[in-house]
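Work through these short exercises with the structure open beside you. Try each task before reading its solution.

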Amino acid sequence: MKYNLFMVLKEKELIKYFKSLGIDVHTSTKARGHQGFYMQNRIDISKNISNDRIIPTLLHEFAHYVHAQMEPFMVKTGGSLEVLFDTPDACCYANELLKVTNFVDKHSKCEKLLQHKNVIKSKILEYENIIKNRYPKFMRSKKFKEFDKFIKKSKAKYLLKYDRIKLLSGMFFRKTEIFSIDNIENDFPDMPIEFAAYIRLKSCQKKQSRISAKINRLNKYYNKPTELFARFVEGLYLDSETTKILAPHTYQRFYELLNNGYYNKLSKVFEIV
C-alpha cells in the first residue's frame with residue numbers, strides 16, 4: 001500500500017482519537033523490539049518501521065486495547081475467542097483467523113526456520129550415515145560406547161557442549177588453544193572420521209532443538225486469540241476482500257457484532273480509516 005499525504009492525515013487523526021480515549025501513544029520508541037506494543041492504556045509504535053506499516057500497526061495495537069476492555073487480563077492469558085466473538089463455540093473461527101494471520105504476517109508461517117530445520121535434519125542424516133559405515137548398529141537414541149571410550153582422553157570432549165572453545169593451561173606460561181567443530185580433522189588428526197561426525201551430529205541436534213523451541217514459541221504467540229483478532233483487524237484494513245475470502249464466517253460474525261456496538265470504539269476507528 002503506497003504511503004501518501006492522505007495516509008499521513010489518517011495516521012494523525014487516529015492518534016488524536018486514541019489520545020482522546022485516554023490512551024498514551026508513543027511513535028518514537030523501539031516498542032520493546034516489536035513493530036508495536038500495547039500495555040495498560042499505552043500504545044508504542046516503533047520508530048524503525050516503514051511509513052506504510054504505521055496505520056496497520058496502530059490498528060493492531062488498538063485491537064488489543066478494545067480486547068482489553070472485554071477481557072482485562074488478556075495480556076497474561078491471551079484472551080479467548082468465545083469472548084471476542086460472543087459465542088460459546090468459537091472453534092470454527094480459529095482456522096480462518098490463522099489463515100488471515102498468515103496473509104497479514106508472512107513471518108507467522110515460520111518458513112525460514114522450517115527451511116533451516118530441514119537443512120539441519122539432512123546434515124544429521126548425513127553424519128549418521130558416516131558413523132554407520134563403520135558402526136552399523138549405531139543409534140542416536142543410545143550411548144555410543146566406542147566414542148565415549150575415545151573421547152575421555154581427548155580435549156575434543158568440550159566440543160560436545162560448545163561448537164568453539166578456548167582452553168587456557170599452565171600457571172606461569174599461559175598456553176591458549178582454540179578448537180572448533182569446523183576444524184576437528186586438523187585439531188585432532190588422530191580422531192576417526194566417525195567420531196568427528198558424531199560430534200557434529202550432536203551439535204546439529206542441539207541446533208535442531210533450539211529451532212524447534214523457537215517455532216513452538218512463535219506458534220504459541222501467533223495462535224493467541226488476542227493476536228489472531230488483532231491481525232484480523234489489521235487484515236480488514238490492508239485488504240478487506242481477501243480477508244473476507246480467507247475468513248468468511250469470521251468476517252460475517254465480526255461485522256454483526258461491530259454493527260451492534262459490541263466492539264465499542266472500533267467502529268469509529270474504521271470510519272476514520
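**Exercise 1.** Does Ser203 count as buried or exposed?

*Solution.* Start with the ground rules. This is a predicted model, where local features need pLDDT of at least 70, side-chain atom pairs count only at pLDDT 80 or more, and totals for chains, interfaces and linings use all residues. Residues are numbered from 1 along each chain as its sequence is written, and side-chain values use heavy atoms, without hydrogens and water.

Now take the cut-offs: buried is under 20% relative accessible area, exposed is over 50%, and partly exposed lies in between (1.4 Å probe, protein chains only). Ser203 has 2% relative accessibility, so Ser203 is buried.

Next, place the residue. Ser203 sits in helix 9 (residues 193-222); helices are DSSP runs of H or I with at least four residues, strands are runs of E with at least two, and both are numbered from the N terminus. Leaving out residues up to four places away in sequence, Ser203 touches Asp163 and Ile181. Contact means heavy atoms within 4.5 Å.

**Exercise 2.** Find the strand order of the open sheet, then its edges.

*Solution.* The 3 strands have the order 1-3-2, with mixed pairing. Two strands pair if DSSP finds at least two bridges between them. Strand 1 (24-29) and strand 2 (36-38) each have a single partner strand, so both stand at the edges.

Check one pair. Strand 2 and strand 3 (residues 42-46) run antiparallel, joined by 3 bridges. Gly36 stands opposite Ile45 in strand 3.

**Exercise 3.** List the contacts of Phe18 beyond four places in sequence.

*Solution.* Phe18 touches Ile23, Val25, Ile43, Leu58, Phe62 and Val269.
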